[in-house]
Amino acid sequence: MNRTTLSLIAGTVALAAVTGFATLSEPDAPGTDTAEAAAVLPVERTGLLCPAPSASDLAETTYTSFTPVTKGTGSDGSAELLAASRESTDTAADEDTEEPAGDDKNTDETDADGAADGGKADDKTADDKKTAAKPVLTPKAPGTPVTAETSGADEPALVGTAEGRFAPGWTVQQTTQVAAGNGRGLLGVTCTAPDTEFWFPGVSTAADRTDYVHLTNPDDSAAVADIELFGKDGTVTTTVGEGLTIPAHSSEPILLSTLTGEKQDDLTVHVNVRSGRVAAAVQALDDKLGGDWLAASTDPAGTLVVPGIPEDATAVRLVAFAPGDADADLKVQLASPNGLITPAGQETMHVKGGMTTALDLGDVTRGEAGSLVLTPTDGSAPVVAAVRVVRGKGDEQESAFIPATSPVGTRASVVGNGAKDATLSLTAPTATAKVKVTASAGTGGGTAASKTYTIRQGTTQNVPLPVPAGLKGTYALTVENLTATPVYAARTLTATEGGVPGFTVQTLPDDRGTVAVPEADEDLTVLQK
């Protein structure tokens, strides 16, 4: 065996600061002083992708961008959201979509590739295409959210990049109101970073559902992805789910019912990217129960938390899937304001390996804040999970989805909150936690405000929100965990349209605004055979 010392410090520091994902640190052992093991630095670059919002002519969409103030950042930086292409583009057009327009107006006149002009994009010069690629939204300063609005059908997906002081914790919310028709209601989604694998339990190919998987590629080369479907009996045969190509800087919505002829109420979608990276989200539209976005579940795990089930939910349906061949046996509990309780008659859930299982929990919250906590029995396999929530009764019903999520970690933000339309749910399943919540200045003015809360072990609390003094517009909420115990969070937005209680729920996983970088005196020796 040859022992070779590799010079990795500079490369790792650069990669970590730019991406927020790189670190040479091993997971901390109990008692390890992480302050001595690694320096924590703000990331210097991050990317977010927003799916195309709606195909309805009645759609009214708002984008809200926010970066929390982060210590250790410099004074430089920028962030912008650009329209993704709706069709394959040539290399020149791909390069042009990343050119800053130097314009602070939060408007978007056309697609980045000019395809709106009757298919004559090929006749445009490179300079014309650069002019067309104006940002849809350009943040002005960390600590203050900004918004942009669009309306109508066929608005494009967005590709965003933030650098310097705008990168750490950058958050973008896409919220769409559709007054009538298939998928009417309030549809919300947090724009996400690209990745290579996604799980979506809770999709459907039933006759009254129209579900699309939106895949958005931010890179200069095409991505290739496979879409697999798993139902109550296992793998669902698909016709064109393999080797799907997503062109560079473009977005593709794939209608699930075109992948299979089977009609099933509860399915799990697995997106596996074999080449490149994409962002993925599912738009689920129901003929009777409205529509919303389903974000990806956190990675398969033995213990899962689904936070922030609305207290007035009239129906809650839990959908879970166990990847692989091993079965999972789960204990189902509700973290209520008074502690963990077990729903009567629904204490456990058996999920067969490779199959999707659903469990109806009814009005499980019964007028109180609640979060589902799924824990394994002995030797249980990891699972992914999500819930579908219905509010209202009769003809005045609306649905939304909440995936199992990862903890808040150090910090997480959510944007687009109004003075009276937002609810923040915090849950600490395993131990009591202390949490600081900061409400930013508003998009039109105001002064930030903060409150600190104690969340008792095993409980969920819908906390009274701090509201910025002199608030104008909407504001951001930043949640910081002040203790070592895991905390999970979700925000519910509500809006009533024609008597129908529209709502949407977003979870708050860690914003990955900082990264641990090894100190120079650490042993970075690599052993090579």
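Accessible areas here come from the Shrake-Rupley method with a 1.4 Å probe, and for residues only the protein chains shown count as cover. This is a predicted model, in which local features need pLDDT of at least 70, side-chain atom pairs count only at pLDDT 80 or more, and totals for chains, interfaces and linings use all residues. Residues are numbered from 1 along each chain as its sequence is written, and side-chain values use heavy atoms, with hydrogens and water left out.

**Exercise 1.** Find the accessible surface of the protein and the share of it that belongs to carbon and sulfur atoms.

*Solution.* Start with the total: about 22,300 Å². Then take the share: carbon and sulfur atoms hold 48% of that surface.

**Exercise 2.** Describe the surroundings of Ser-399: is this residue buried or exposed?

*Solution.* Begin by locating Ser-399, which sits in strand S27 (residues 396–403); strands are DSSP runs (E, at least two residues), numbered from the N terminus. Next, Ser-399 is buried because its relative accessibility is 1% (buried means under 20% relative accessible area, exposed over 50%, partly exposed in between, with a 1.4 Å probe and protein chains only). Finally, look at its neighbours: leaving out residues up to four places away in sequence, Ser-399 touches several residues, including Leu-289, Asp-292 and Phe-503 (contact means heavy atoms within 4.5 Å). A polar atom of the Ser-399 side chain lies 2.8 Å from the backbone oxygen of Leu-289.

**Exercise 3.** Work out which strands stand at the edges of the sheet S3-S7-S5.

*Solution.* First, the order S3-S7-S5 describes an open, antiparallel sheet of three strands (two strands pair if DSSP finds at least two bridges between them). Strands S3 (45–50) and S5 (77–83) each have a single partner strand, so they stand at the edges. Now follow one pairing: S5 and S7 (residues 158–164) share seven bridges, and Glu-80 stands opposite Thr-161 in S7.

Terms used:
Helices (H or I, at least four residues) and strands (E, at least two) are DSSP runs, numbered from the N terminus. A polar contact is a pair of N or O atoms within 3.5 Å; within protein, one must be able to donate a hydrogen and the other to accept it, and residues adjacent in sequence count only if both atoms are side-chain atoms.
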